[in-house]
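User: Got a minute? I'd like to walk through this structure with you.
Analyst: Sure, put it up and fire away.

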Amino acid sequence: MTSEQITKAVILVGGPSRGTRFRPLSFKTPKPLFPVAGRPMIYHHIKALSQLGIIKEVLIIGFYEPELFNSFIDSAQNEFGIGIRYLREYQSLGTAGGLYHFRDQILRGSTERFFVMNADVVCSFPLQEMLDSHIRNYEKPKCTILATTVEDSDSAHRFGCLVKNEKNQVMHYVEKPESFLSNLISCGVFLFENTIFQQMKNIKAMKEEKEEAFGLEIDVLRPMAGTGQLYVYEMEHFWNQIKTPGSSVSANRMYLQSYMITCPDLVTKHVESGAEIISPVYIHPSASIHGTAKIGPNVSIGANAVVGRGVRVAESIILENVTLKENSCILNSIVGMDTNVGEWARVEGTPEPAPNRPLTTNGIKVPSITILGGDISVEPEVIIRNCIVLPHKELRNSYHNEILL
Ligand SMILES: Nc1nc2c(ncn2[C@@H]2O[C@H](COP(=O)(O)OP(=O)(O)O[C@H]3O[C@H](CO)[C@@H](O)[C@H](O)[C@@H]3O)[C@@H](O)[C@H]2O)c(=O)[nH]1
């Protein structure tokens, strides 16, 4: 086997009925295109795939309207020189259902094997290492799963949990187990041999009879555990899920910090006005930053944003067409597009302590990052702290720990 035989990759993006925990940020932009480190979430997947140098085509599979992806696909094809297509499921077919439905497209051109990546992960994507171990070390793998160890055993139950042997073969796989199985979890990135579709054919027939959803993890991977065909590649660098808006702020930080070392062209080192930049930061070239502003660390600022005199921004994502007026301060927050923050206003949150915890406890909102959903006006001098604000609001007073509908 040689690595040249790899030709394809699939990114599973789901559709509008999924990713509800990501609201209000997914109202205008589909979650897979939400900007993290200044680029759409799945840009980072495609960038990593392009660095392998052998991927001929990336198929984005989901049940969003195809038009939503057109301009992203055009610009990513130009940048990376890889064919990229969006394939739409007529309805949610499940994580294996979409793959199986489009198997002819995936296999077209004699595809030997293909990556499958969940869209909603932030990851250092050690794809070359994963591919090398799949090819070199293993006897007869049908699939290799990218895995990582979570330190906090209490959170392992939110993922696919794996038990492996000394040959890195998966002996047990349980998707989101009710009781503790293992700290080794699936990162939602897989490498399949093309023969997987023969296996899927039989399972699919049974599923159709029962009219059940067809899931990659439960229906395909779990039965492969203990058969010697399912392997694991354990990664060392950063990985996380992006389920909540808070996790997109951590994802922003992880990509910016990593690009500062691996890809310095993707971060901004200085701006013409001479504003103080505390790296890592990404600022869109069309944004205007006053020379007395102080930006960073871990900030991304979108197109046409205007950042005024004396503004302070740290640990935040500022989307396009946002205006931050004189001496306003934004910390641990996401400011949605077309928002205006008045002079001396403060928008601040609390870094997410534990991802996926409930929004409220006993009816009281738990402190978290602040999210201004978009098209919001924050009047001068008000303080918005630990709040989630839905779009199209005028905030004339200060609010703490509230969800403003
Ligand atoms: N095309 C398509 N995509 C889908 C569908 N359903 C979900 N997806 C996409 O498939 C990915 C997995 O989503 P979920 O099914 O919601 O699973 P999860 O809770 O994120 O858990 C998965 O990822 C974890 C790592 O982040 C894994 O640990 C876990 O085992 C599993 O693979 C996401 O990118 C989601 O958008 C579908 O019907 N069709």
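User: How far apart are the centres of domain 1 and domain 2?
Analyst: They are separated by 33 Å, taken over C-alpha atoms. Keep in mind that this is a predicted model.

User: Where do those domains run?
Analyst: The domain assignment puts domain 1 at 3-241 and domain 2 at 269-404.

User: How many residues of each are in contact?
Analyst: Eight from domain 1 and 14 from domain 2. On the domain 1 side, five are nonpolar, one is polar and two are charged.

User: Switching to the ligand. Which residues come nearest?
Analyst: Gly-14, Ser-92, Phe-159, Gly-160 and Gly-188, out of 25 around the ligand.

User: What's the mix by class in that shell?
Analyst: Eleven polar, nine nonpolar and five charged.

User: Which element supplies the largest share?
Analyst: Strand E11, with four residues. E11 spans 184-193. Strand E1 (8-14), strand E4 (57-62) and helix H3 (95-101) each give at least two.

User: Now the open sheet. What's the strand order?
Analyst: E15-E18-E21-E24-E29-E32-E35, seven strands with parallel pairing. The edges are E15 (281-283) and E35 (403-404), each pairing on one side only.

User: How many bridges join E21 to E24?
Analyst: Two, between residues 316-318 of E21 and 333-335 of E24. Ile-318 sits opposite Val-335 of E24.

User: Which strands does helix H8 lie across?
Analyst: E15, E18, E21, E24 and E29. H8 covers residues 245-262 and runs at about 95° to E21.

Conventions
Residues numbered from 1 in each chain as written. Predicted model: local features only at pLDDT ≥ 70, side-chain atom pairs only at ≥ 80, totals over all residues. Pairing = 2+ DSSP bridges. Contact = placed C-beta atoms within 7 Å. Axes fitted to C-alpha atoms, helices over the stretch in contact; angles between N-to-C directions. Near = placed C-beta within 6 Å. Nonpolar A, V, L, I, M, F, W, Y, C, P; charged D, E, K, R; others polar. Domains from an automatic or database assignment.
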